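Work through the exercises below with the sequence and the structure at hand, and try each task before reading its solution.

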Amino acid sequence: MTSDALVSLPVRGAGMATRRGGGLRSRRILGKLAGAVIVVWGVVTLTFLMSRVVAPDPTTLLVPPQATQAHRAAVRHELGLDSSLVVQYGHFLRNLAHGDLGESFSTGLPVTKDLSQRLPATIELGLLALVVGTLVGVLVGVFAAIHADSVIDHGLRAVVVTGLAMPQFWLGLSLLSVFFVQLGVLPAPIGRLPVGVDPPPTITHLYLVDALLTGQWSVFVDSLRQLILPAATIGAGVFSPIARVTRTAMVEALSSDYVRTARSLGFSPARVHFIFALRNALLPIITMTANAVAFALSGAVLVEGVFGWPGIGQYALTAIQQSDFPGLQGFVLYVAVLYVLIYVVVDILYTFADPRLRR
Amino acid sequence: MVTPQATTEPDPILVVDGLTGGFGRTGESPQVLRDVSFQIPRGRLSAIVGETGSGKSITALSVIGLAPAGFTRTRGSIGFEGRDLAGLDDRQYQAIRGSRIAMVFQDARASLNPTFSIGYQLAATIRRHTGVSRSAARAAAEEALVGVRIPDVKRRMKQYPHQFSGGMAQRVALALALSCRPNLLLLDEPTTGLDATIQADVMDLIVELSERDGLSVCLITHDLGVVGQHCDHVVVMRSGRVVERADARDLFESPRHPYTRQLLAASELGGHA
Amino acid sequence: MTATPLTKETADANATAIADAAVASPASPRRGRVRWRGLPRSLQAGVVLSGVLVTVSVAARIRTPHSPTRTGVGPPFESPSSTFLFGTDQVGSDVFSRTFTAGLTDIGITLIGVAVAFVVGTSLGAIAGFVGGIVDAIAMRVSEILQSFPALLLAMLMASVLGGGLLNVVIVVAVLGIPGYLRLARAEIMSKKELEFSDAARLMGNRPGGVLFRHLLPNSLAPVISFTAINASWVAILVSSLGFVGVGIEPGTPEWGSMVASGRNQINAWWVSFFPGIAILLLALALFLLGDGVSDLKARRKW
């Protein structure tokens, strides 16, 4: 059962544990895409409805407190907030179809611009956490499975279960308290670079990569130091569930007949474990990794908040707190589309991982 | 005690002597193998016969060095090609497994890796032990499949285990085990779960391969019917001990041990050879 | 040597009773109580830990060393001492008293939210799976929509629509939880619908509703139950996350998430965030171990 492990992530996999078999592959994917489009529409509409009911009037952000009622009304009219909900919704959908997400109430800039500006920060942090968390998770899971029921296995289980029960925002604060306040070895939570350091010339928008490509070694180190703690925090959230499913799937694979066959043919333990067994344990690992990707790339909202990370998670948090409908809409749309993409990729990966799913 | 019987082969391929062991840290509690001694003659078919729990499987697994994790050998030797396998380290054992000694397990379909093509599994095994090029390994793999009389080899190479029937999977498992031309082949219940006609086909194939390549084969089975039809030499085990070793003809005609008689009576084969 | 022997046995017996309650239906009623020693370690740990958490949280409602809600019982940001075991926060409240008082708030919201989600989600899922067709399609789509929303943001959005207050937080948590139960129960019912005993029940003249709720549903609950405890662990973290961002819970109310947040800007005063954070961790851990332990009952070798 995959469901029990899913819940530990702040993202609930949108039914990504797909059923096996069934129909032509392309047709199946098309069917899923159609379903996914409905889901995206539903998510966007739900956000629209809820955000229009939200209590604080967004115009308070845009006009000075001493403004007259007439001034307010004018602003409301300008934003289209005085027309009926149906008209607003039609307007919203029409703009959406043209790729226009409107302008943010809080920054005054087009939402698409806001998001694309903040996305690289989230991606850099998310990717680092994902790569490290997944690799360590799989290795630990395989290792624990090989030594199942030993003292090491029980010790690792304690670590993983604690990781699953750990509130991310608190882990972030605690890491800061130790490594920034007490030990002073890592920098303050002020975003991607220390004060006074300019970002490297833009190539990929990822500071680590750009600094390397342009040979700015000190910027690379500075940006890495800023990344370590938030990446470790998100990475812990990625690591624990992946280690858990890997261990479970590997224990099953290692006790199988085909692993015994591989041993009887003289393959080395490393080859047996990492090629013959791991390949068979891949499906649940893929599912869990997909959840982790969704979690990390949709901007681990609270972690970005704790570390002052200028990513889209923090943008979404501010948007909600300030009733910035367009900003929130844009973020929700991004996440929904991200999920759909992950959905499709997972489906393709499944068929690569397990030939029995190919038709 | 085991009745010593005069079945000393001139040149046995495998000599198991005094093999003793069990579960638990000391291999004492519970003891599952007690002073197991027997020889497997070269170039012929033999069988280790016994009911579930007689120790026949764990004996075979010990020979190939794959006894289950909890099992500890406390005493005894396994002589093979002039070496005591019991004294080998892991690496030395890995070099022998698959190349000098191979084993085919019960339920062939489950014993093939579901996520790799048949061709890959064969070629990887061949490359593991011979280090030949990819293309040479593929050619050898095709040859191995032809050798176990699988039709349409080119297409079959690309297929996966779930696309094979039980009988065909059994042949693939045989091809895999024989791909590096071992001298000794252990077959764990090779025909259980197959239809009678397919059973006969598989056994005929094994006999033929044995005769053609001078392969020594040891069946591990409870099926005395198969043993009576095909084997030359039989080792009977019960509760971790060898109770009788004899030429198949002698055993079926005049079983000495009462347990062997029970087995024969149960399989309604007493007196037939 | 006359002191009451507060031995392992009494503790064990106590815990066994809780374990019995936790395991409830899966264990056969005729075999009597479950043997404590025979239970998986994870379940033992979960039972003990949640027992301790509930006990101290209840005790804290009866008496705490200082008032949990009064400000200025000490100087602000006083580090832990014998007077203020966990130190004081930015308004000079006692962190120790607040941490323990907050227990029932977090545990209560979590458990009530999960209970509502369980009942509503399982019933809806059972109906969807049993009826099928358009009802099922709608239920599934709505669940998917709710689930492909970042949970915390959806919760914040709902909380700001509903307004503050503990009851609204419970509603938010319950609504967020429903899809998980719905989908699980639906899958279980669908796999059982075609089995013989439901045909038998139908032939015996049971009405469809009777077949569903008297025969199918009780036989489908086992996986839902082990899901529940693990889901509760996740909900506990969600509840505290809402507190952390300051949604739903009135300022000043002792709640672990908001207490962690109050230490955010004075990171030197680590104790303000540290202790309530540990409390969240322990609650989530206890619930997780309970859920894990229940599934360990069925399949050992699992993590």
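A residue counts as buried when its relative accessible area is under 20%, and as exposed when that value is over 50%. The model used here is a predicted one.

**Exercise 1.** Locate A:T287 and decide whether it is buried or exposed.

*Solution.* Begin with the secondary structure, where A:T287 falls within helix α13 of chain A, residues 282-297. Next, take its relative accessibility, which is 5%, so A:T287 counts as buried. Finally, look for a partner of its side chain: A:T287 makes a polar contact, at 2.4 Å, with the side chain of A:Y350.

**Exercise 2.** Describe the open sheet of chain B, and state which strands lie at its edges.

*Solution.* Following the pairing across the sheet gives four strands in the order β2-β1-β4-β5 of chain B, paired antiparallel. The edge strands, each pairing on one side only, are β2 (31-40) and β5 (83-84) of chain B. Between β1 (residues 14-22) and β2 of chain B there are six bridges, and B:G21 has B:L33 in β2(B) as its bridge partner. Helix α1 of chain B, residues 56-63, lies across β1, β2 and β4, at about 65° to β2(B).

**Exercise 3.** Characterise the contact between chain A and chain B by residues, area and polar pairs.

*Solution.* Chain A contributes 20 residues and chain B 26, and together the two chains bury about 2100 Å², 61% of it on carbon and sulfur atoms. On the side of chain A, the residues losing the most area are A:R260, A:S264 and A:L265, together 26% of what that side buries. Between the chains there are ten residue pairs in polar contact, both residues at pLDDT 80 or more, while the count of salt bridges is zero.

Note on methods
Residues numbered from 1 in each chain as written. Chains lettered and ligands numbered in written order. Predicted model: local features only at pLDDT ≥ 70, side-chain atom pairs only at ≥ 80, totals over all residues. Heavy atoms only, no water. Pairing = 2+ DSSP bridges. Helix = DSSP H or I, 4+ residues; strand = E, 2+ residues; numbered from the N terminus. Contact = heavy atoms within 4.5 Å. Axes fitted to C-alpha atoms, helices over the stretch in contact; angles between N-to-C directions. Buried < 20%, exposed > 50% of the residue type's maximum accessible area, 1.4 Å probe, protein only. Polar contact = N/O pair within 3.5 Å; in protein donor to acceptor, adjacent residues only side chain to side chain. Buried area = accessible area lost by both parts, 1.4 Å probe. Salt bridge = Lys/Arg side-chain N within 4 Å of Asp/Glu carboxyl O.
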